[in-house]
Amino acid sequence: MSVTSMPPSRLASARLAPSRLALPSAARALWLEFKRNAVPYVLPLLAAVFYFNTVRTADGFPPVWTLRASAITDHMLFEFSAFAGGLAAWAGSREGRRKTTDMVATTPRAAWARLSITLAGTLSWLLLAFLAGVAVLYVQTALQATWGGPPLWPVFVGAAGVTVVTVIGFACGVLFPGRFTAPLVAIVALVLFQTGLRQALGVAASSGTYALLSPASSPPVVDAGVYYHAAPDLSIVQVMFMGGTALALFGALGLATALRELTPSRGLASLRAGLARTDGWLLRAVAVILVACGVAASWTAFALAGTAKPDAVGGWQIPALHSAASDQPVPATPACTSSSGFQVCVHPAFSFYLNDVAAVLDPVAAEIAGLPGAPLSAKEVASISGGQDVPSGISGNPPVFEFTAERVGMYFGQFLGIPDPVGWREGFQQGLLDAFLARPSQQAGSVPLGPAQQAVEDALLTAAGANVSATIGKMLENGQPIAGPPAVRSAAQRFGALSASARHAWLAGHLAALRAGTITLAQIP
Amino acid sequence: MTAAEVLKPPASPAGVAGPGPAGLRLVWLHLRSRRAPAGIGALAVCGALLHLALHWHWAFNSGAYAQQVPMIIEAGAATVIAVTAYSPFGETERSAGRWLPCLRLLTVAGMCGLAIALLQLGAVGESLNAGVLVLARNVIGITGIGLLCSLVTGALLAWTLPMGYMLFCQYALLQAWTAPWVWPVRPPADRGAWIWACAVFAAGLLLFAIRGPRTRLSDDS
Amino acid sequence: MLTGIHRSFGKNKAVDGVSLELGSGVFGLLGPNGAGKTSLLRMLATVLPPSSGEIRLLERDPRGPAARREIRRRLGYLPQNLGYYPSFTVVEFIEYFALLKEMPSARVPKAVAVAVERVDLGAKAKAKLRTLSGGMLRRVGIAQAIVNDPDLLLLDEPTAGLDPEQRVQFRALLRSLGETATVVVSTHLVEDVGAACSEVALMSAGKIVFRGTPDELTARGAGHGVGDAPLERGYSAVLSAARS
């Protein structure tokens with residue numbers, strides 16, 4: 001018996017027993033690709049970058065869903081772009097690098113189908129990693145947030161961004177299977193992302209449309225999506241643009257490989273002859289359709305973005321896509337506390353800091369309670385209304401101190417990277433007193449306090465337990481800004497040394513003059 | 001035909017050069033095997049990208065944000081240098097002789113110098129916020145990381161760790177970190193940053209020159 | 001069937017007016033370096049189009065995509081320089097090509113198992129390709145070429161790196177494959193041709209300078225001094241005559 005006549009042993013079947021799961025061919029090939037893709041080897045590095053760049057940045061945001069979700073498009077997409085583009089280029093160049101071009105060219109499967117499997121495997125890993133990152137972010141937020149639910153549009157935009165960068169990188173790798181393609185694609189993707197951010201931060205009605213199509217943007221206002229729905233118009237346009245671009249590129253790749261198979265040699269004559277062939281038309285037709293659909297989607301998105309205009313709540317709306325329902329306020333019952341008789345109410349999305357707000361405002365409210373214009377309660381309001389920023393202030397009858405959530409970011413370290421609860425507290429208290437001491441016609445903080453007003457404010461802050469610094473607030477004397485001159489500090493100390501009732505009595509008699517700016521430092525007891 | 005005639009060494013073929021030109025020829029062939037000419041082209045692309053970024057104000061004009069885009073491009077140049085470390089010959093080359101470490105060293109040093117020059121050329125006439133010193137420090141430091149990475153991943157994937165480090169430094173830039181090991185975010189005169197960058201470059205260059213990038217069986221075929 | 005096939009690369013005529021008709025059996029292709037063997041094989045593999053002439057493979061014209069696709073389903077090709085994906089295992093690599101060859105999904109696992117055993121790599125089935133020696137890699141290449149039981153099998157230097165025992169087994173495998181398929185083997189090793197091939201062609205400078213049985217080639221070497229074996233002497237004699 002020779003080797004040729006000996007049937008393959010039963011051992012062969014036992015050693016290589018087929019899997020119990022009988023998958024279709026494409027699924028089997030995809031599973032192979034999924035198992036052996038290079039992306040998993042880079043995931044630990046990507047996870048480390050994700051932790052430092054995205055998670056730690058998001059930790060500095062208050063636990064408001066829209067704010068935390070902004071980290072997906074502003075930070076996650078940034079780090080994923082680099083690795084997605086580079087690794088996709090790496091995968092696309094595999095046949096050229098591994099010199100399997102001839103071998104795979106002799107197989108009947110169309111090159112486009114073969115490349116699609118590789119692209120699908122790479123994209124699957126990247127999207128899985130991206131979604132895992134989103135899950136980490138959202139679980140962390142879910143454990144801390146007090147209202148609302150996870151927004152999905154940032155996830156769609158992020159996934160579209162990862163997809164388009166992957167397809168671009170893959171196409172570059174297929175067409176240019178050289179060693180420099182992967183790093184160059186990664187760098188260009190990063191630069192384009194950063195350019196988009198730069199444009200977005202300066203975006204205005206006169207800015208280029210590209211600014212709005214870029215998924216990266218500045219962090220939204222702290223209460224975005226809280227008082228009013230965050231319109232998905234821009235997200236829809238971004239997904240259309242990126243998805244359309246990815247589709248068109250994918251179709252172009254198929255057209256290029258199909259034409260390469262039909263045209264045995266280079267040259268225009270060969271290309272014309274190839275295009276004239278009727279066989280292989282189905283593949284070409286599908287590729288052309290995909291290119292057409294992709295270009296149509298991208299172009300439509302581009303045109304729609306050009307019609308965008310700022311909406312009344314700090315976002316953007318696109319008339320053709322806008323739904324009037326998203327302009328309605330989001331119903332919510334405020335969270336309130338009134339442990340000392342001074343009621344403080346915040347939106348339930350910010351109820352995590354309600355007690356801190358009450359603890360901060362109560363002592364200051366107690367100092368000025370009963371005085372003309374002193375607020376009886378405090379209420380959080382939307383930071384943007386009618387397209388305008390809403391300043392903090394005291395209004396209504398009975399007077400209510402209305403404040404916005406803009407300071408809550410400082411509490412979490414959003415701006416400095418370090419939580420600054422002391423700075424937040426003192427700034428908040430100062431905001432109430434600025435509003436109380438300002439002239440009725442003035443917005444709080446719009447005009448610096450005079451020396452006497454500053455001295456009274458410092459004294460009241462000290463009485464409320466704040467550590468007043470000489471540089472808090474600006475002062476004007478003869479129209480020139482001065483910083484905490486000794487006279488102001490001295491007057492503040494004098495006034496602060498009085499008993500609470502004495503201070504209260506003096507303010508009751510001199511509040512109008514103090515607000516009008518006619519009280520001098522010497523007149524302060 | 002006698003045995004003596006058979007054993008007589010053949011006359012040198014025409015055109016074989018002497019020691020001087022042979023050394024240059026060796027260097028040139030080594031550079032070509034590493035696709036250094038294409039790498040220089042890639043570095044020129046980085047320089048052009050930097051010029052466009054500065055000219056069209058893709059970067060912020062001042063402050064921490066101004067360094068973001070230049071840092072990306074400087075890291076890109078460093079990854080291009082790291083990827084030129086790839087050898088198509090594998091073990092055949094390693095067993096060939098003693099000049100390989102010198103050739104590797106020369107290649108990397110030369111590419112670093114060219115990268116700095118080409119990037120600086122791209123910044124001519126524009127305002128490079130952090131200046132050429134930071135540019136040079138970033139290129140050599142991140143190249144060192146790429147060379148160290150090539151010892152583990154192989155040269156073709158040596159761009160991954162520098163990319164990750166640069167992304168990490170983007171975060172450090174915005175958070176105003178002061179640790180010297182995040183040298184891309186430190187000011188030009190920061191001595192600690194220079195020490196770190198040079199030390200990483202020296203370590204990477206030394207190990208790379210002696211050991212070469214990691215090769216696998218497939219790289220030999 | 002090849003009729004008047006020409007293939008040039010610039011000014012270099014790699015294949016210069018080759019006509020061949022092949023049926024079932026093992027057909028050897030001999031020739032010195034640069035004779036055009038690999039170019040001819042690549043044209044038969046539908047990877048390289050001829051500059052002129054006509055090719056018909058498995059009764060089809062490979063110029064049409066549909067016909068080419070059908071040919072490739074029934075084709076097996078082992079190139080001279082085998083490319084591979086080092087992180088794949090033996091089984092995965094062969095399975096990948098079985099799937100690319102559009103084998104029915106249900107048949108793939110068994111076909112892969114058979115191919116692995118036929119090249120005697122059962123013990124290394126789950127090993128990653130990067131861990132294999134050069135000879136084993138060559139056998140993996142052979143396995144991917146035969147996994148779909150091809151009607152046309154093209155092998156370029158298939159025994160490079162194989163030890164003598166493996167070459168004996170391989171020749172037996174060739175003979176068994178040649179019973180039902182057309183097998184074309186391009187090689188420098190005349191003893192492989194002598195042991196496995198029923199017919200042999202000798203190429204020189206892009207042309208076929210000899211076509212016949214190995215015995216006929218041996219006979220041409222009678223009286224010729226160059227070569228250690230009769231077949232080698234016949235090889236040298238034919239080449240010398242062609243060059244003169």
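This is a short tour of a predicted model with chains A and B, stop by stop.

**Stop 1: chain B on its own.** Select chain B and show it as a cartoon. You will find 10 helices and zero strands, so named from the DSSP runs. Following the chain from its N terminus, the order of elements reads α-α-α-α-α-α-α-α-α-α. Next, colour chain B by burial: of its 221 residues, 44% are buried. If you draw the contacts of chain B with a separation of 6 or more, 77% of them join residues 24 or more positions apart.

**Stop 2: where A meets B.** Now bring chain A back and select the contact between the two chains. Chain A supplies 25 residues here and chain B supplies 30 residues. On the chain A side, pick out α3 (39-59), α4 (65-92) and α9 (181-201), the elements that each give two or more residues. Linger on α9(A), which gives the most, with 10 residues. Colouring this side of chain A by residue class shows 15 nonpolar, seven polar and three charged residues.

**Stop 3: the domains of chain A.** Give each domain of chain A its own colour: domain 1 (23-218 + 233-327), domain 2 (329-441) and domain 3 (448-525). Note that domain 1 is written as two segments.

**Stop 4: domain 2 against domain 3.** Stay in chain A and select the place where 12 residues of domain 2 are in contact with 18 residues of domain 3. On the domain 2 side, α14 (354-368) and α16 (421-437) of chain A are the elements that give two or more residues. Here α16(A) gives the most, with five residues. By class, this side of domain 2 holds seven nonpolar, two polar and three charged residues.

Methods:
Residues numbered from 1 in each chain as written. Chains lettered and ligands numbered in written order. Predicted model: local features only at pLDDT ≥ 70, side-chain atom pairs only at ≥ 80, totals over all residues. Contact = placed C-beta atoms within 7 Å. Helix = DSSP H or I, 4+ residues; strand = E, 2+ residues; numbered from the N terminus. Nonpolar A, V, L, I, M, F, W, Y, C, P; charged D, E, K, R; others polar. Buried ≥ 20, exposed ≤ 12 C-beta atoms within 10 Å, placed from the backbone. Domains from an automatic or database assignment.
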